[in-house]
Amino acid sequence: MLSSFVISSCTIPSFNLLLRATFPYRVRAFAISSRLRNPTLFLPPPFKPFFATSSSFSSSSSSSSLNPLNACGSRTEDDSLVILGIETSCDDTAAAIVRSDGEILSQVVSSQADLLSRYGGVAPKMAEEAHVQVIDQVVQQALDNANLAEVDLSAVAVTIGPGLSLCLRVGVQKARRIAGKFNLPIIGIHHMEAHALVSRLIDKELQFPFLALLISGGHNLLILAHDLGHYLQLGTTIDDAIGEAYDKTARWLGLDMGKGGGPALEELAREGDPESVKFSIPMKQHKDCNFSYAGLKTQVRMAIESRNVNTDNPISAADCQDRKSRADIAASFQRVAVLHLEERCQRAIGWALNIAPSIKHLVVSGGVASNLYVRSRLDHVVTMNGLQLVCPPPNLCTDNGVMVAWTGVEHFRMGRFDPPPPADEADDFVFDLRPRWPLGEEYAEGRSEARSLRRARIHPSLTSIIQAASHQ
Ligand code: KG4
Ligand code: ZN
């Protein structure tokens, strides 16, 4: 399913990062007032590489191998950069072209919802194949819709983590081919940072610092965004993310997964009584900002069994009573799943205001943030605390290329990017992918005793890499 939105018009030797003292090529940019195909040239800031040259995730040398970032006034406010963003970290193949003044020139998403619904989850090998099949078409359509060719681009941004290695690889390979062939700088993007920063594209008033709740299929994060690339993690999930709980519950209730489990469950929940099943709120006794959804999933499973819902029977075949039972479970699940978010956000706001009293906004983004019930409940929490909620529109909450391109714009302006890869890079080149890549350092006081996070093979956080580099 290819959809396009046209809005106005391992450790692993790696991104082949060579340190160069000066920027060896010219960056293409557009004068805002000129026609799109009328590029003007400008000289970019001196090159400051963004990625580690290290060949190991686990080694701390990957952060220390970076050179200082923006240490020499390399920031550019140029409003006419044109950046292609590519996203393949999970089950959506997405590309978009965004100009640095915030104009979205094109946006294309190819969803694997049909695969998900057939196989009950993301199977990495199958997802990889699906990305491979459509990536060229998706990128070409993004260029066509923007009425641009590769030579018109200023840089290519691509998600390098976190996500599924096999899937990330497809996007990174495509990005490097384009960047190599057309001599373009390349910017490696953190998927969750992109979810957070896309809110700065839609709300120009949104300044650092701000608080962000990022809720998706694989992540539940509460972060304090001090500055670009500088994040403090106030909370994370100790087991599953909320999106995973929505998807599992939807599947168990026999919903049509064609448009995704989350949206299907949100729709059914509107018919149900949210007070009818007494689920308990997760982690009540833990006075921190971490999350847990595994226990709630178990409670849902038990409720389904005790109400004799025949989960092999699709909802379309359910009689009136059966449909009502399922809707009650859906509504009750959603109420408690979101109450857990509300409680954590309430506490996080208190913490964040202590650490950075100038905070005015809570950003809520990631696929689950497209849910209207989630948005309205969190809006209430935020308003009660005298803050403002910033929620991207639904098609920018779920995975998309715009968030990657925009985050590319933000880092590029700060001089964080890599030089073009060689045009003749070998097909078996091993890329710098970061499947498990924390966004920020943990807030020490927020560490949960209940935590059971798997810590093996985690890449140093984006924040620690950038900070280490800037202190060199
Ligand atoms: O950010 P995202 O598109 O991909 C990941 O990075 O995981 O988030 C996908 C998740 C899925 O679990 C999906 O079911 C959920 O977001 N989701 C929703 C809704 N739309 C998407 N969950 C609840 N309600 C929705 N309307
Ligand atoms: Zn996502």
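Which residues have the most contacts inside the largest nonpolar core? Select I83, A155, V156, I223 and A405. The core they belong to has 130 residues. Now add helix α9, residues 320-355: it gives the largest share of this core, 14 residues. Colour by domain next. Domain 1 (2-207 + 398-438 + 454-471) and domain 2 (211-394) each contribute at least three residues to the core.

**Orientation**

Keep in mind that this model is predicted. Show the whole protein as a cartoon. There are 13 helices and 14 strands to find. Of the 472 residues, 54% count as buried.

**Stop 1: strand β7**

Select residues 155-161. This is β7, and seven of its seven residues are buried. Two of the core residues picked at the start, A155 and V156, lie in this stretch, 155-161. Now bring in the neighbours. Strand β4 (residues 82-87) pairs with β7 in the parallel sense, over four bridges. Look for L84, whose bridge partner in β7 is V156. Then show strand β8, residues 186-190: it also pairs with β7 in the parallel sense, over five bridges. Here V156 stands opposite I186.

**Stop 2: helix α5**

Move on to residues 191-202, helix α5. Try a distance between its end C-alpha atoms: they are 18 Å apart. At 1.5 Å a residue, the twelve residues should span 16 Å, so the two values agree. Is this helix mostly covered or mostly open? It is mostly covered, with eleven of its twelve residues buried. Among them are H191, E193, H195 and R200. M192, L197, V198 and L201 are buried as well.

**Stop 3: the six-stranded sheet**

Select β9 to β14. These six strands form an open sheet with mixed pairing, in the order β13-β12-β9-β10-β11-β14. Its edges are β13 (388-390) and β14 (441-442), each of which pairs on one side only.

Start at the β13 edge. Strand β12 (residues 361-365) pairs with β13 in the parallel sense, over three bridges. Label H361 and its bridge partner in β13, Q388.

Now go to β10, residues 220-227. Six of its eight residues are buried, so the rest of the structure largely encloses this strand. Strand β9 (residues 210-215) runs antiparallel to β10, with six bridges between them. L214 has L221 as its bridge partner in β10. A hairpin through four residues joins β9 to β10.

On to strand β11, residues 230-235. Five bridges join β10 to β11, and the two run antiparallel. Pick L224, whose bridge partner in β11 is L232. The β10-β11 hairpin has two residues between its strands. Zoom in on G229 in that turn: its phi is positive, about 80°.

**Stop 4: ligand 1**

Finish at ligand 1. How many residues surround ligand 1? There are 19; the closest are S216, G217, G243, G262 and G367. Colour this shell by class: four residues are nonpolar, twelve polar and three charged.

Show helices α6 (242-252) and α7 (261-269). Each supplies at least two residues of the shell. α7 gives the most, with four.

Why is ligand 1 said to lie between domain 1 and domain 2? Switch the domain colours back on. Both domains give residues to the shell around ligand 1, so the ligand lies between them.

Conventions:
Residues are numbered from 1 along each chain as its sequence is written. Chains are lettered from A and ligands numbered from 1 in the order in which they are written. This is a predicted model: local features need pLDDT of at least 70, side-chain atom pairs count only at pLDDT 80 or more; totals for chains, interfaces and linings use all residues. A residue is near a molecule or strand if its C-beta atom, placed from the backbone, lies within 6 Å of it. Ala, Val, Leu, Ile, Met, Phe, Trp, Tyr, Cys and Pro count as nonpolar, Asp, Glu, Lys and Arg as charged, and the others, Gly among them, as polar. Domain bounds come from an automatic or database domain assignment. The expected span of a helix is 1.5 Å times one less than its number of residues. A residue is buried if 20 or more other C-beta atoms lie within 10 Å of its own, exposed if 12 or fewer, and partly exposed in between; C-beta atoms are placed from the backbone. Two strands pair if DSSP finds at least two bridges between them. A nonpolar core is a set of buried Ala, Val, Leu, Ile, Met, Phe, Trp, Tyr and Cys residues joined through C-beta atoms within 7 Å.
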